[in-house]
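Dear colleague,

Please find the structure below, together with its sequence. My notes on one of its domain interfaces follow.

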Amino acid sequence: MDNKLLIEKLIDAAGKENVFTDNEHLIIYQRGSIDPLKHMPLAVVKITDEKNISRVIKIANEFNINIIARGGGSSPTGAVVPDDNTLIMDLRPLNKINVSIEDGYVEAYAGATLQEVNEECKKYNFFFPPDPSSVSVSTVGGAINENSGGMRCARYGVVKDWILKLDVVLADGSETTFGEAIYKNRGGFNIIDLIAGSEGTLCIVKKAWLKIIAMPKKIYRIAGFYDNINDAMDAILAIRKLNPLILEFSDYYGIVAANKIRGFSYPETRGGMVLADTDFDESYLEDIKKIMEKNASKIIIPENKDEFNNIFEVRRIAFTAPGILFPGFIDGDVVVPLSKLKDMINFVYKTREKYGVYIATCGHAGDGNLHPQIGGNPDDHENWRNVLLAMDDINIEAVRLGGSISGEHGIGRIKKDLLLKQLKYKKQDETIIIMKNLKKMFDPKNILNRGNFFD
Amino acid sequence: MNINNDILNEIRQAAGENNVLQNLEEKIPYKNDASYMPGRIPELVIIPENSDQISRVLKLCTKYKIDVTVRSGGTSLTGSSVTNYNGIIINTMKMDKILELNIASRYVVCQPGVRLDNLNEYLNKYGFFYPPDPASSKASTVGGTISTNAGGLRAVRYGATKEWVLGTEFVTATGEIIRTGEYTLKRSAGYDLTALIIGSEGTLGVLTEAILKIEPLPEKYGRILSFYNDIYDVGSALSAVKNAGITPLIAEFMDLKTINSIRDKLNIKIPDYTQFMLMVDIDSTEASLKGKIENVEKIIKNYTKDVLTIMDQKTMDEIYKARKGAYSALLNQREKKNEIVIIGDVIVPASELPATLKEIKNAVDKMKINVSLFGHIGDGNIHANIFAENTKTGLEKVEKLQMEIAMAAIRHKGCVSAEHGIGTEKNKLLYEEYKERNSLYSLELMKRIKAVFDPENIMNRGKIFYD
Ligand SMILES: Cc1cc2nc3c(=O)[nH]c(=O)nc-3n(C[C@H](O)[C@H](O)[C@H](O)COP(=O)(O)OP(=O)(O)OC[C@H]3O[C@@H](n4cnc5c(N)ncnc54)[C@H](O)[C@@H]3O)c2cc1C
Ligand SMILES: Cc1cc2nc3c(=O)[nH]c(=O)nc-3n(C[C@H](O)[C@H](O)[C@H](O)COP(=O)(O)OP(=O)(O)OC[C@H]3O[C@@H](n4cnc5c(N)ncnc54)[C@H](O)[C@@H]3O)c2cc1C
């Protein structure tokens, strides 16, 4: 292939200052956030003008090159990792935001981060509820394409529940719109929800209209520390009934890691920590406290802003701790029906012992979503083999319990085989054929994130 | 294709002998749904008991290119549950069981023929409910409401049906029985086929099972009624409530004609000047309900002097029932015997609501047609109920008015259908909507997607897409 001609055309379309081919620039685009996969792209094009998306896609068609749309690049499943012949389309510069309070939506370009979106909404005392812990990097385009969840899922669901309308660019470079910026709309098939979670394989999202709501007046926060993990899980089920704003969990290893990394001194209880927020009124806080008092060995209700934030950090750090403490780290993202939470966490504990690996588990337990994060050393073959085996066992157990290998991080390139296993186990093999056919309808030449989530 | 005797025998075998209706008198009820759109008496009606039978029948229909329409409650307002061809109707009402309730995991598994009121009666016993609540809930079903992505009274708070379906069992037009989604509250594993099935109006295949998310009943709620002379104030009052960060459980409005049709059931004192009534439900914890209600009363009082709060459960239930019966009640307000009432269903963003309502009113006045308005105003959804003579000229007038209303909605950044779907009633309007927005490509893609599930285009041909 004539790369020189390709680059010339790209420069022509997107401007010299926006096309990168030198290693120094490309190197940060070779991987996502946590996954060990990496590969150099052919080139990176920064999208500074919305018209350039279509132009670049048309060129990619001409040269039959794979295009990976990239927002924050925080995908932990290899969804933004290039293959041999890949052009990265960096949408981060496209980040204009417009708020319409009366009509209850924010209009944001794909590259805006969720944090930027919320900073804009905050001016009016509104917010966009989905809240992945990666808000500072996660972009509108990325969060839609991963159908991200996050801390406030227990109450507000996932990103998909908040999308009203999308402007997209299709695989042949043509542009179209799905949905409307109103709260209910029947316009034929629900393509928006098909695009949500499609991991960059169906089209490029250019701009989104997202529902927003008024910020809660006051948030009450409470944490219970448990000696016994089963008691912690019981508490989660009981608190869930009170419709909390967030309902999170971090296990013993997560607490220990947070204390170590941030110099905290939170109780290192064997059964972990249950963290809940409620925004109704104080009586709800009291009700949650009563539930916790049954079995928790310590209850903390933050008294000032620092404590309020620090205790949240315990949960946040549990997620990335293995990455800080170990050279290698793989991300778990299982989800099970709530009634199976206890089985799932106990299985994780058994697996830890079986393989002798480090696992810190945290998660949006209120949704049945746990992140067993496994740390290890990829250069130590024996250890790394055990890390991978342990993760495999955990994923398969989640499926066996009626759950799924991914709650919110998607499949990407890391979980492709697992997805097939899951569908097979659930006798859903047929759906993969339908999915592949759908992909063909959108992207007949297979140039959008080729090889992501299935081959 | 014509169903000859050989094919008929194959279908009878596939469906089970006792599940096939062939006699004219048995088939006549399937000629219509709740809309005014003309249907045809189907060649055959099949009332299957399980998905295997459906799968076998659909395999034959795909093979012989026989048109198929699925039907459950038959309350469609857009002609989507009748056939326009020489085809068969599959009625899923025999599959009417609640299969599993899992309170801890917050889901219920149902067959398509379960009626929503029956489902909620069952769930209420456990302190839970299934939020989607179209006014037709007594007759409409899990299968039908999923296939139309029904909205309803509680959509302002809980959203439309699509937010409540976790997974399905579905038989594609080619007879493949697939399972989509999970029993979990979230998941991301490949394309969301469940989302595609919801709202597809029977054009992709037959839904045979659904995993539905359920919610605990709200702890406590009260109802605030307020009365207005000017439609402008209705919209403004509601906006003010919402801008204060309060999302009501329901927010319904109705005009005087609608009020009159249910006046005897409402049993409340309505001020003389009233042209419009707004009904807002506010929920809360026991402890703070009173304060919250007072707060909303105060906001609304900036727009009208008459505000009536009702906390008594029995009275609230009666009013709710009356509102749900408004459409049927309007039928009694017809002036002539051959008149029909056609429910419109457009939606605009909140900020465009007052202006749109004005334009609709102008169009109505200009055409001298009898129209009453009510709707789920909390989400900008207006139902214009058009009284028309069931004659050629009468229906032509309706069509013209519907088009005017639709264009007003489109001009104000709205849509031609908020919750009733497209069917055959609005397929042309949908086309106009996409054309107006320069996104006809989107419709084209949808057709291609249909072909993935239904290569021979046998499922509900002519619905949604205008040829
Ligand atoms: C520390 C940490 C914490 C996290 N916490 C959470 C959490 O709590 N909940 C959660 O759900 N996830 C979480 N994640 C995962 C990740 O941050 C989310 O999936 C995030 O929303 C991805 O956004 P992004 O902009 O980084 O997307 P990227 O990683 O850039 O892209 C993700 C996918 O979307 C596609 N894509 C991106 N932009 C577009 C576009 N405009 N059009 C089409 N396709 C596009 C890409 O091709 C890729 O397939 C976490 C990750 C990290 C590293
Ligand atoms: C008085 C009245 C009030 C109404 N109020 C509202 C309201 O407030 N909100 C609202 O949204 N709607 C309302 N509707 C419209 C109507 O009730 C809804 O569209 C409802 O969802 C239809 O459900 P059904 O079971 O009657 O379906 P049907 O009319 O039988 O079918 C509707 C569609 O679903 C398809 N379908 C049915 N069963 C299946 C299945 N098993 N598999 C695949 N496809 C299937 C059909 O092919 C058809 O396209 C109202 C209707 C009436 C008559």
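**The interface of domains 1 and 2**

In this predicted model, four residue pairs in polar contact, both residues of each at pLDDT 80 or more, are found across the interface of domain 1 of chain A and domain 2 of chain A. On the side of domain 1 of chain A that touches domain 2 of chain A, helix 3 (residues 51–63) of chain A gives the largest share, namely five residues. Sorted by class, this side of domain 1 of chain A holds seven polar, five nonpolar and two charged residues.

The interface also has one salt bridge. In a salt bridge of 2.9 Å, N to O, the side chain of A:Lys206 meets that of A:Glu50.

To place these residues in the chain, the domain assignment may help. Chain A is assigned domain 1 (3–90), domain 2 (97–214) and domain 3 (220–414). In the contact between the first two, domain 1 of chain A takes part with 14 residues and domain 2 of chain A with 15 residues. The C-alpha centres of domain 1 of chain A and domain 2 of chain A are 23 Å apart.

How much area is buried between domain 1 of chain A and domain 2 of chain A? The value is about 1,100 Å², and carbon and sulfur atoms give 60% of it. Of the area that domain 1 of chain A buries against domain 2 of chain A, 38% is supplied by A:Glu50, A:Ile53 and A:Ile57, more than by any other three residues. A:Glu50 thus appears both among these three residues and in the salt bridge with A:Lys206.

With kind regards

Conventions. Residues numbered from 1 in each chain as written. Chains lettered and ligands numbered in written order. Predicted model: local features only at pLDDT ≥ 70, side-chain atom pairs only at ≥ 80, totals over all residues. Heavy atoms only, no water. Domains from an automatic or database assignment. Contact = heavy atoms within 4.5 Å. Buried area = accessible area lost by both parts, 1.4 Å probe. Salt bridge = Lys/Arg side-chain N within 4 Å of Asp/Glu carboxyl O. Polar contact = N/O pair within 3.5 Å; in protein donor to acceptor, adjacent residues only side chain to side chain. Helix = DSSP H or I, 4+ residues; strand = E, 2+ residues; numbered from the N terminus. Nonpolar A, V, L, I, M, F, W, Y, C, P; charged D, E, K, R; others polar.
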